[in-house]
Amino acid sequence: MIQHSKELDRYLADFERFEKNGLRGGPSWVHQVRRAAISGFAELGFPTTQHEEWKYTSVAPIVKAPFRPADDEPDGLTKESLSLHTLGQAACAQLVFVNGRYSPALSSIGSLPDGVKAGSLATALSADPAAVEPHLARHAGYHDHPFVALNTAFIQDGAFVSIPKGKVVERPIHLLFVSTHDRPASTGLSAGFDMAQDRRGKAIVSHPRNLILAGDNSQAMVIESYIGLNNALYFTNVVTEIVAGESAVVAHYKLQRESEEAFHISTVQASLNHSSNFSSHSIDLGGALVRNDVNAVLDGQGIECTLDGLYMVAGRQHVDNHTRIDHVKPHCSSRELYKGVLGGRSKGVFNGKIYVHKDAQKTDAKQTNKNLLLSEDAVINTKPQLEIYADDVKCTHGTTIGQLDQEAIFYLRSRGIDLEAARGLLTYAFASEMIGRIKVEPVRAQLEHLLLARLQKDS
Amino acid sequence: MLEIRNLHASVGGKEILRGIDLTVNAGEVHAVMGPNGSGKSTLAHVLAGRETYVVTAGEVVYEGKDLLAMSPEDRAREGIFLAFQYPVEIPGVSTTYFLKAGVNAIRKHRGLEELDAIEFLAMVKEKMKLVEMDQALINRPLNEGFSGGEKKRNEIFQMGVLDPKLAILDETDSGLDIDALKIVANGVNAFRSPARAMLVITHYQRLLNYIIPDFVHVIFDGRIVKSGGKALALELEEKGYDWLKPEADLAQHTIA
Ligand SMILES: Nc1ncnc2c1ncn2[C@@H]1O[C@H](COP(=O)(O)OP(=O)(O)O)[C@@H](O)[C@H]1O
Ligand SMILES: [Mg+2]
């Protein structure tokens, strides 16, 4: 259905401007992909709650806000101003993106093993398009997900990470995405840093596009972090495509700490080959309206896939996690655990689909979603979806929704701990299982710190 | 130290405590006995401040203060400790972690410096000896996967760390084998002092062979129907609780 609202037209006009601008460049196949994607988007239109996949998440606030792409290189950000958000330069290779564009000045990659690439997608598109072409936009479909289509239409920059066969990258690769106004007057960033409200800049949309290629037998850890100016209204629409070669071990972390006014829509699309091991850890703390899709296609035998998630929201935040695991071939296992903590008037959505194809015998899939509601007004809509077309499989799913245990609260209070601290401690206890599953030390330490700070703030 | 006067309490509209009177002075150990369902745990929880039990009449004065007006945490800070009959399990929080929060809240309330991690661990090491507590156990998530005996020992260990003035032990002996019982009793006896008082709730006389009480009270249907010295416990062991029942009925009739 073609629904040319004025909002849609604005994005289409932005696209024409974007494509005409020679600077956005890239090889001709990229232009073709963008054209195909914008027609896909024009056809799909913005989703409404009539859409099964968007039933509980209205994107009307995103549609209405007059977001524009950033024109200028923003100034005012320095390595120092970002130091609290990096994960330690010695510990990680750090790539910083401002409004979706790679910033060499703010990045510090350090030395990586021979042949390992970690840098800007824009650079890769002009310097080494042959490395990019076989994969870019070939995994994340843009004919059914409007925001993937929109992102693909605006492909320009993001991270390009490529690990050659057999290489083991010990240092995690950290991709830090910072959103600002066009010209930030201040550098106060989300997650609790001081900054006077500054709405002088225009509201920016960015469409970061990441491509992570892990060759056969390679190993890598990639972390994406999202932050923004405090109170800033902006829209991040990111797509990350991941390809894990045979027997590759890939751990992907996504730490979403956008400003409390921001919109964040993301898709992680993982294509997994024979005997690979892939884990995704998706953590949501920030954002006003958040939708994440994590899709993994297990297209080989003996693959192990883990999808972990933690969402911790309050106030009027809305966070929607959709996951889909496609078991295409036999003898693979998937483990999925998403935990949610919802306070205030926040809303959560969890929709986990496991699709076991006809040939995927001996599939072993387990999915769990557990939710803790901290207030009467918080809401969670959770829905497991198992579609099984093979007959010799083991698939289980479980969902829980609960409140803090009154008996446990009393126990803690009877030891001198006040009510608020007791609630905080029990909430932390609920969430800490997910922290324990994080294998990258600087990420674990940062998240632990963030959770404790948040629980103290809430009390 | 503690004065309970005509205490009535109900849960879900059902009256459980029907007029308890009890005075406990510093240095004393009082045993509270009675059959299952007579209201012993209810009394313990009401004293510790559990809000599901509603006090409908009576008063409790603790060290000159109105105990019933205080929050559970303030009661703990003022020196009341309850060893739970059924200690809760809290996955994700270790005993040491939550206990440090408790100790420092109590110390702050008492105008003492908060303990840092090192001071706290030194103190914990000392108190672990009280009930032969294992270090590995207290670093594990609170009571998760603990045996019944380990949970009870953990309660007494916490009592040692929190240093209360009035300790209420709710069936700390139940589910313990004789060796564990002796360890727990030793811990409790080491804790006895002229400045402290104890309310030892038990169903069986067995524990009182090791913790010798100064007074024994029998609860029946939410009332204390008989009080005496330690000999009363032996009498109960011999005769059971049934012989007290007519007295309870009688008491009921007199009031009615
Ligand atoms: N939370 C509750 N809800 C309903 N009834 C309760 C509750 N707690 C205790 N009772 C009832 O109160 C009575 C006394 O219980 P309790 O104090 O646990 O006895 P005891 O510890 O002496 O065995 C019992 O009949 C029990 O069923
Ligand atoms: Mg009891």
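This passage describes a metal site, a chain interface, salt bridges and selected local environments in a predicted model.

The metal site was examined first. The magnesium ion (ligand 2) is coordinated by two residues of chain B, S41(B) through OG and Q85(B) through OE1. The coordination distances are 2.0 to 2.2 Å. S41(B) belongs to helix 1 (residues 40-48) of chain B, whereas Q85(B) sits in the loop between strand 6 (80-83) and strand 7 (90-94), so the pair ties together parts that are 44 residues apart in sequence. Both S41(B) and Q85(B) are buried.

The interface of chain B and chain A was considered next. On the chain B side, 32 residues are in contact with 18 residues of chain A. The area buried between the two chains is about 2,000 Å². Carbon and sulfur atoms give 64% of that area. Polar interactions are also present. The rule finds 9 residue pairs in polar contact across the interface, with both residues at pLDDT 80 or more. Salt bridges between chain B and chain A number 4. One of them joins R413(A) to E51(B), with the closest N and O atoms 3.6 Å apart.

Several elements of chain B give two or more residues to the side that touches chain A. They are helix 1, helix 2 (72-77), strand 6, strand 7, helix 3 (95-109) and helix 6 (148-162). Helix 3 of chain B supplies the largest share, 6 residues. By class, this side of chain B has 20 nonpolar, 7 polar and 5 charged residues. Helix 1, strand 6 and strand 7 of chain B thus appear in the description of the interface and in that of the metal site.

Within chain B, the surroundings of I16(B) were also analysed. I16(B) lies in strand 2 (residues 14-24) of chain B. Its relative accessible area is 15%, so I16(B) counts as buried. Leaving aside neighbours within four places in sequence, I16(B) is in contact with A9(B), S10(B) and V11(B). Further contacts of I16(B) under that condition are G39(B), T42(B), D221(B) and G222(B). The C-alpha atoms of I16(B) and S38(B) are separated by 7.8 Å. These two residues are 22 residues apart along the chain.

Salt bridges were then counted over the model. The total over all chains is 33. Three pairs within chain A are described here. In one, E7(A) and K6(A) meet at 3.4 Å, N to O. E7(A) is buried, with a relative accessible area of 15%. K6(A) is exposed because its relative accessibility is 66%, above the 50% cut-off.

Another pair joins R68(A) to D14(A), the closest N and O atoms being 2.8 Å apart. R68(A) lies in strand 1 (residues 68-69) and D14(A) in helix 1 (residues 6-20) of chain A, so the pair ties together parts that are 54 residues apart in sequence. R68(A) is partly exposed at 26% relative accessibility, whereas D14(A) is buried at 3%. D14(A) and R68(A) also belong to a network of salt bridges that includes R17(A).

A further salt bridge connects D320(A) and R291(A), with a closest N to O distance of 3.2 Å. D320(A) lies in strand 16 (residues 318-327) and R291(A) in strand 14 (residues 289-298) of chain A. The pair links distant parts of the chain, 29 residues apart. D320(A) is buried, at 0% relative accessibility. R291(A) is buried too, with a relative accessible area of 2%.

Burial in chain A was also examined at the level of an element. Helix 7 (residues 146-153) of chain A is mostly covered, with 8 of its 8 residues buried. Among them are P146(A), F147(A), V148(A) and L150(A). The cover over the buried residues of helix 7 includes helix 1, helix 2 (28-44), strand 8 (209-214), strand 10 (235-244) and strand 12 (263-272) of chain A.

The last site concerns a loop. E260(A) is placed in the loop between strand 11 (249-257) and strand 12 of chain A. At 45% relative accessibility, E260(A) is partly exposed. E260(A) touches N231(A), G287(A) and A288(A), not counting residues up to four places away in sequence. E260(A) and E246(A) are 14 residues apart in sequence. Their C-alpha atoms are 40 Å apart in space.

Conventions:
Residues numbered from 1 in each chain as written. Chains lettered and ligands numbered in written order. Predicted model: local features only at pLDDT ≥ 70, side-chain atom pairs only at ≥ 80, totals over all residues. Heavy atoms only, no water. Donors = N, O, S within 2.8 Å, 3.2 Å for Na, K, Ca; no water. Helix = DSSP H or I, 4+ residues; strand = E, 2+ residues; numbered from the N terminus. Buried < 20%, exposed > 50% of the residue type's maximum accessible area, 1.4 Å probe, protein only. Contact = heavy atoms within 4.5 Å. Buried area = accessible area lost by both parts, 1.4 Å probe. Salt bridge = Lys/Arg side-chain N within 4 Å of Asp/Glu carboxyl O. Polar contact = N/O pair within 3.5 Å; in protein donor to acceptor, adjacent residues only side chain to side chain. Nonpolar A, V, L, I, M, F, W, Y, C, P; charged D, E, K, R; others polar.
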